[in-house]
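Welcome, and take a moment to look over the sequence and the model before reading on. We will start with one residue in a loop and then work through the rest of the chain together.

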Amino acid sequence: MPWLQVRLAISPEQAETYEDAFLEVGAVSVTFMDAEDQPIFEPELNTTPLWSHTHLLALFEGGTEAASVLAHMELLTGGPLPEHHSDCLLYTSPSPRDRQ
């Protein structure tokens, strides 16, 4: 099954805006990832710290047009997107032979 993955390079201050916008345009999943090698050890209780350089990954069902998603995102957020990239990901379930 194919998936569209869109990746943005964001700052922690932009996280909520772009997460909400991606969900509004139909993302089935939004994930934050360290863009560098900056570990976060034992964050304070009830906090969600993000890295100073974060990648936001949004996953869409196959057949979703990347250009349409990106255009919608610019409308929702009111301006050009930060550095971004999109990929088509293919997922195939492992065969029973691979599970041994």
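Let us begin in the loop between β2 and β3, where you will find Asn46. Keep in mind as you look that this is a predicted model. Asn46 is not a glycine, yet its phi is positive, at about 65°. Is Asn46 buried or exposed? Its relative accessibility is 79%, and a residue over 50% is called exposed, so Asn46 counts as exposed.

Now step back to the whole chain. There are 2 helices and 4 strands, and if you follow the sequence from its start they come in the pattern β-α-β-β-α-β. Along the principal axes, the C-alpha atoms fill a box of roughly 45 × 35 × 25 Å. Of the 100 residues in the chain, 25% are buried. Contacts across the sequence matter for following the fold by eye: among contacts with a separation of 6 or more, 74% are between residues 24 or more positions apart.

The strands are a good place to go next. In what order do the 4 strands of the open sheet lie? The order is β2-β3-β1-β4, and the pairing is antiparallel. The edges of this sheet are β2 and β4 (84-90), each of which pairs on one side only. Between neighbouring strands there is an average turn of 25°, with direction ignored.

You can trace the sheet pair by pair. Strand β2 (residues 29-34) is joined to β3 by 6 bridges, and the two run antiparallel. Along this pair, Asp34 stands opposite Thr54 in β3, while Phe32 faces Leu56 of β3. Moving on, strand β1 (residues 2-10) is connected to β3 by 8 bridges, again antiparallel. Here Trp3 has Glu61 of β3 as its bridge partner, and Val6 stands opposite Ala58 in β3. On to β4: 7 bridges join it to β1, and these strands run antiparallel too. One bridge partner to look for is Asp87 in β4, which is matched with Gln5.

Strand β3 (residues 54-61) deserves a longer look. This strand is mostly covered, with 6 of its 8 residues buried. His55 lies in β3. Its relative accessible area is 18%, and because the cut-off for buried is under 20%, His55 is buried. Which residues is His55 in contact with, once its neighbours within four places in sequence are left aside? They are Arg7, Leu8, Ala9, Thr31, Phe32, Met33 and Ala35. Phe32 is a residue we have already met, as the one opposite Leu56.

With the sheet in view, turn to the helices. Helix α1 lies across β1, β2 and β3, and runs at about 5° to β3. Helix α2 lies across β1, β3 and β4, running at about 35° to β1.

The two helices also meet each other. The axes of α1 (residues 15-24) and α2 (residues 66-77) come within 10 Å and cross at roughly 130°. That angle is why α1 and α2 are described as oblique to each other. Their crossing is right-handed. On the α1 side, the contact is made by Thr17, Tyr18, Ala21, Phe22 and Glu24, and on the α2 side by Val69, Met73, Leu76 and Thr77. Sorted by class, the residues of this contact are 6 nonpolar, 2 polar and 1 charged.

One last stop is Ala66, which is found in helix α2. Ala66 has a relative accessibility of 18%, so it counts as buried. Not counting residues up to four places away in sequence, Ala66 touches Leu4 and Ser86. To get a sense of distance, find Val30 as well: Ala66 and Val30 are 36 residues apart in sequence, and their C-alpha atoms are 15 Å apart in space.

To retrace the path, begin again at Asn46 in the loop between β2 and β3, cross the open sheet in the order β2-β3-β1-β4, and then find α1 lying across β1, β2 and β3 and α2 lying across β1, β3 and β4.

Definitions and conventions. Residues numbered from 1 in each chain as written. Predicted model: local features only at pLDDT ≥ 70, side-chain atom pairs only at ≥ 80, totals over all residues. Heavy atoms only, no water. Buried < 20%, exposed > 50% of the residue type's maximum accessible area, 1.4 Å probe, protein only. Pairing = 2+ DSSP bridges. Contact = heavy atoms within 4.5 Å. Axes fitted to C-alpha atoms, helices over the stretch in contact; angles between N-to-C directions. Parallel < 35°, antiparallel > 145°, perpendicular 65-115°, else oblique. Left-handed = near helix turned anticlockwise from the far one by under 90°. Nonpolar A, V, L, I, M, F, W, Y, C, P; charged D, E, K, R; others polar.
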